[in-house]
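Colleague: I am new to reading models like this one. Please pick a single part, go through it closely, and then tell me how the rest of the chain is arranged around the other points of interest.

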Amino acid sequence: MKYSFLCLSLLFTLGIQAQMQPDLESQINDIESQVIEWRRDFHEHPELSNREFKTAEKIAKHLKSLGLEVQTGVAKTGVVGILKGDNPGKVVALRADIDALPVTERNELPFKSKVTTEFLGKTTGVMHACGHDTHTAILMGVAEILSKNKDKINGTVKFIFQPAEEGPPPGEKGGASVMITEGVLKNPDVDAIFGLHINSGTPVGTIRYKPEGTMAAVERFVINVKGKQTHGSAPWSGTDPILISAKIIDGLQTIISRDSKLVDGAAVISVGKITSGVRFNIIPESAELIGTIRTLDADMKAVILKRMSEMVPAIAKAYGGDATIEFQNNTAITYNDPDLTNKMLPTLQNIAGKDKVELVKATTGGEDFSFFQEVIPGFYFFLGGQTPGETLSAPHHTPDFFIDESGMLLGVKVMSQLALDYLNN
Ligand SMILES: [Zn+2]
Ligand SMILES: [Zn+2]
């Protein structure tokens, strides 16, 4: 206790918990309207994952105008900007995701998206229904501010504008993992990374965070059940894959309730799609189950995958059929490095106000920022985008999803100061 108090006093004496410099704060206030303008432009012209061509062009143009070293076409449509401070030091990365979703907007806004496209053979609207338009605009603002304050930077800032966070289209690769494969964390080698997500259910001005596992690892699974087709009136002459599917679904839930050490973290198995059969009086040949697994603890994840692999074929066998299971990893655990989180917490508190920085529980949503955190220490937090006084807000990924733009200013301030404090202390 005493020791940590001493450490804290030492930090104060060293000035590590510095407030934002007034000139920097006024520069950020001055570009708020520009940031909002960028955001509205991205909102009105959204592009799906791995198709962020115009978005990337606008980002690259802005970064070049600031004199940054710019790389384009990273992981297909990603853009990276490198800003060298006047003094040598560490390398910090700031990340924004830039893609939109196949959702048709229902908000009546002057900058409402009217874009439509073909997605998986269907015509759909396209909408920034997760708020990545705000992330992109915020990071463009941060790039502008920091590039005008190079004299205050000891080290290098890498701005990572990442495509396909929502997942690439079927059959394609994309997102954070591809950026990493293409070397985004190398040359210069990044020491730490920060990212944020705007949230429609968190009031403007508030920041929410959690050390260690904050968002879940996401796996997709596909189970193929094989039975033996027969007449619906004579099930004894075949093997019913629909009955086997029911037993499997039931069995999977016992992995959560009996095999998962739930005190270590939440875990979810959901079957989201079942396909089988053609008509009422035929017992079909096969069935396919598709679902998702969410875990917040690496050991629990290993147990769940192992038990599923054992249980699925065993249940099918018990009822005279066969079944296979395949897993596909979509995101890792979004894991906030505890030391980095502790180190940067004072920055959040100084910028937002101590009472506006809330420690929250983990969520079972997923985020591919987690892949960066598998390689280097990272910190990911949530930024308020809900209009003050509002209580019911449309969830992310829905046609009524709405972000109060006044929340973005805090995002620019916090991301700028995180970079400065990390590099300068
Ligand atoms: Zn999303
Ligand atoms: Zn998102």
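Modeller: I will start from one pair of strands. In this predicted model, strand β10, which spans residues 217–226, is paired with β15, and the pairing is antiparallel over nine bridges. One position to find on the screen is Val-218, which has Thr-331 of β15 opposite it.

These two strands belong to an open sheet of four, in the order β12-β14-β10-β15, and the pairing in it is antiparallel. The edge positions are held by β12 (267–276) and β15 (322–331); each has a single partner strand, so one side of each has no neighbour in the sheet. On average, neighbouring strands here are turned by 20° against each other, if direction is ignored.

Two helices pack on this sheet. Helix α6, residues 241–259, touches β10, β12, β14 (286–295) and β15. The direction of α6 makes about 175° with that of β12. Helix α7, residues 298–318, also touches β10, β12, β14 and β15, and the direction of α7 makes about 155° with that of β15.

There is a record to set beside this region. An unreviewed UniProt entry annotates residues 221–318 as "domain: Peptidase M20 dimerisation". In the model, that span is 41% helix and 31% strand, and its end C-alpha atoms lie 21 Å apart.

Now the other sheet. This open sheet has eight strands, ordered β1-β2-β6-β3-β7-β18-β8-β17, with mixed pairing. At its edges stand β1 (69–74) and β17 (357–359), each with a single partner strand, so one side of each is left without a neighbour in the sheet. From one strand to the next, the twist averages 25°. Within the sheet, strand β3 (residues 87–97) runs parallel to β6 and is joined to it by nine bridges. Ala-93 is one position to look for: its bridge partner in β6 is Lys-158.

Helices pack on this sheet too. Helix α3 (residues 53–65) touches β1, β2 (78–84) and β6, and its direction makes about 10° with that of β2. Helix α10 touches β3, β6, β7 (192–203), β8 (207–209) and β18, and its direction makes about 150° with that of β3.

Next, the nonpolar interior. The largest nonpolar core has 66 residues. Those with the most contacts inside it are Leu-94, Leu-146, Phe-159, Phe-161, Phe-194 and Phe-381. Helix α10 gives the most to this core, with 11 residues. Take Leu-146 as an example: apart from neighbours within four places in sequence, its contacts are Leu-83, Leu-94, Ile-153, Val-157, Phe-159, Ser-416, Ala-419 and Leu-420. Another core, of 23 residues, lies apart from the largest one and includes Ile-255, Leu-305, Met-311 and Ile-315.

That leaves the metals. The zinc ion (ligand 1) is coordinated at 2.0 to 2.3 Å by Cys-130 (SG), Glu-166 (OE) and His-397 (NE2). Along the chain, these donors follow the spacing C-x35-E-x230-H. Glu-166 and His-397 link distant parts of the chain, 231 residues apart. Glu-166 is in the loop between β6 (154–162) and α5 (176–181), while His-397 is in the loop between β18 (378–386) and α10 (408–424). Glu-166 is partly exposed, with a relative accessible area of 25%; His-397 is partly exposed as well, at 40%.

The zinc ion (ligand 2) has as its protein donors Cys-130 (SG), His-132 (NE2) and His-197 (NE2), at 2.1 to 2.4 Å from it. The spacing of these donor residues in sequence is C-x1-H-x64-H. His-132 is in helix α4 (residues 132–147) and His-197 is in strand β7, so this pair too links distant parts of the chain, 65 residues apart. Residues under 20% relative accessible area count as buried. His-132 is therefore buried at 0%, and His-197 is buried at 7%.

Cys-130 appears in both lists of donors: it bridges the zinc ion (ligand 1) and the zinc ion (ligand 2), which lie 3.0 Å apart.

Conventions
Residues are numbered from 1 along each chain as its sequence is written. Chains are lettered from A and ligands numbered from 1 in the order in which they are written. This is a predicted model: local features need pLDDT of at least 70, side-chain atom pairs count only at pLDDT 80 or more; totals for chains, interfaces and linings use all residues. Side-chain values use heavy atoms; hydrogens and water are left out. Two strands pair if DSSP finds at least two bridges between them. Axes are lines fitted to C-alpha atoms, for helices over the stretch in contact, and angles run from 0 to 180 degrees between N-to-C directions. Contact means heavy atoms within 4.5 Å. Donors are N, O and S atoms within 2.8 Å of the metal (3.2 Å for Na, K and Ca); water is not among the atoms, so sites may look incomplete. Buried means under 20% relative accessible area, exposed over 50%, partly exposed in between (1.4 Å probe, protein chains only). UniProt positions are given in the numbering used here, feature names are shortened, and annotations may be inferred rather than shown by experiment. A nonpolar core is a set of buried Ala, Val, Leu, Ile, Met, Phe, Trp, Tyr and Cys residues joined through side-chain atoms within 4.5 Å.
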